[in-house]
Amino acid sequence: MKILKKGVYYILALLLLTVSFSCEEDDDFRIIEGLDFVVATLNVEGTETGVLPSTAIPDGRIVYTVDFGDPNSDADVFQTSGPMVTYEYPLETATYMITVTAVLPGRDDVSISKEHTVIFIEETDPDPVPATGIVGTWRLAPEAGALGVGPGQGDVSWWSNSSDDVATRDCLFDDEYVIGADGSFQNVMGDQTWLEPWQGTDPEACGTPVFPHDGSSSGTYTFGGGELTIDGQGSFMGLAKVVNGLELGAADTVPDSRTYQAVLSDNDTVLTLQIQVAGDGWWSFKFVKDAPAAPAPIEGTWKLAPEAGALAVGPGQGDASWWSNSSDDVATRACLFDDEYVFNSDGSFQNVLGAQTWVEPWQGAAAEECGSPVFPHDGTASATYDYNASAGTLTIDGAGAFLGLAKVVNGAEIASPADAASSITYIADLSDDGNTLILDIQVAGDGWWRFKMAKQVPPSNPLVGTWRLAPEAGALGVGPGLNDVSWWSNSSDDVATRACLFDDDYVFNADGSFQNVLGADTWLEPWQGAAAEECGAPIFPHDGTASATYDYNEGAGTITIDGTGAFLGLAKVVNGAELTSPGSAPSSITYIANLVDSNTLELDIEIADGGYWSFKLVKQ
């Protein structure tokens, strides 16, 4: 049952489908037949509307034009290659005709329209939401039984997750459920979450979140009386399919609200939710408030130390008198010394061997040599690790997973890949700085192997973070030479009059990806279709939808942004020109970069005839 309270807005959407297309030739229509789009309300006011277009057979060449049908706006038309586009209607009750047109080169356009009615009720004197212990970011508890179902409340005898599922379903266990002090609720899933056949994934597996359970819903919540109610179509806790009275199927309508029986622990760190689905069926979920534990000291990527004696064997612990590698072996056995041993934060472990590793006759090789990894010691093992600092041990669980040499196990050197142990325990000594790990393991009799590992510490990237134009005069300017802004530069007043530009975010992520985060408004110019230079809705492809990366070459003093529509400073400024049309956006732009200090970045770029634009960015 939808729980309604003072201050909540009511939304009524009436969809009237009309289809028109300029040519009825079967061959032309079939290319983009099945054109459809989903209309979704994305905020509690009911004014922010999202449109997600699609065709029966996806084609990356198709460009969709979305006209939100607002007769009083010249900024309600957008282009997209597939992602959702959004528009915020006026704060009033009105009916609009939304039209989506699909354009495919060499084919006639196809259009489809739907009538969308919004009833807007303005909130007055909203009830304050008390700050309670439930406020915070929650995740499923990383343990067996965190979610389960059975024939009664609190009974999970039908099914519950195992401890192994915490690793195999890590895309579910890292999902965040954010409960705000302002009454807001948000699902934060990242790139992947757990999908099931009713969502189009068979068998169950990690995959890209599926609308509307993809975190795009801006939800609200109420908590009290032993109940937690989540309002917002697509907002949920635990599993998307679990709603009051049933488990969703592909054809079911997603409800606007879900109510859970809720118990919050005395210290406000554990939240248990239960919900009845059908008959006597009840789902149970256990959540913990997000307080990440300190990372394990061995967490990260390790390799054999590139030095003589990095691996050795002898008749006693630490005795290398039988054999140890030479410094020359670091090169001749490079396929061994580049192997990676990866300890992940979720407790999983991986051997990352690449195309080649060191193989020996017991694995079928003609001699000791570089060769393709041999199963099960080929990095395919599903493995975990346990580091016990007080006991000084490191245990690797998973048949085929190992450290140092594949043949070395507790009590023996194996003679066949089929003899791979399911678990290996090493005596472990971690250096004080956490960057060197000495491993010892007894094989047979008095024989002991020793491995010296070095932690791989990636170089810090000073760009990582969010940057904006410096809120000052001269933050952007242009002139007839490098660092010369005599033609034009912004004034201090422009910081306010062009606030929609100065609040744009340029985000450099640690994984090498780049984002323009522009919000609802940015600075537009006539070359983008604006009547004059003014604030307005971002124009595709310079609207933040670009899938982009960056490369910072500190030695060369350059930053390259790759991704059509991605940019720094001003969208029109590219190498050798100023754009005259959004359709002319290049796939890459390179800027001269001077990192003045950790918080100040100066950029220059030549446009034409000796003209240079300059931008000053500051880290947020």
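**View 1. Cys171, a buried cysteine, and its partner Cys206.** In this predicted model, Cys171 has just 4% relative accessibility, so Cys171 counts as buried. Cys206 is at 27%, which makes this residue partly exposed. The two form a disulfide, with their sulfur atoms 2.0 Å apart. The pair links distant parts of the chain: Cys171 sits in helix H3 (residues 170-173) and Cys206 in strand E15 (residues 205-207), 35 residues apart. The torsion about the S-S bond is about -90 degrees, so this disulfide is left-handed.

**View 2. Cys335 meets Cys370.** Here's another disulfide, and the sulfur atoms of Cys335 and Cys370 are 2.0 Å apart. Helix H5 (residues 334-337) holds Cys335, while strand E29 (residues 369-371) holds Cys370, and 35 residues separate these distant parts of the chain. The link is left-handed, with -90 degrees about the S-S bond. Cys335 is buried at 6% relative accessible area, whereas Cys370 is partly exposed at 31%.

**View 3. Cys500 joined to Cys535.** Take a look at the disulfide between Cys500 and Cys535, 2.0 Å from S to S. Cys500 lies in helix H7 (residues 499-502) and Cys535 in strand E43 (residues 534-536), so the pair ties together parts that are 35 residues apart in sequence. With -90 degrees about the S-S bond, this link is left-handed. Cys500 is buried, with a relative accessible area of 7%, and Cys535 is partly exposed at 35%.

**View 4. The disulfides together.** How many disulfides does a search of the whole structure find? The search turns up 3. Number the bonded cysteines in sequence order and the pairing reads 1-2, 3-4, 5-6.

Methods. Residues numbered from 1 in each chain as written. Predicted model: local features only at pLDDT ≥ 70, side-chain atom pairs only at ≥ 80, totals over all residues. Heavy atoms only, no water. Disulfide = S-S within 2.5 Å. Helix = DSSP H or I, 4+ residues; strand = E, 2+ residues; numbered from the N terminus. Buried < 20%, exposed > 50% of the residue type's maximum accessible area, 1.4 Å probe, protein only.
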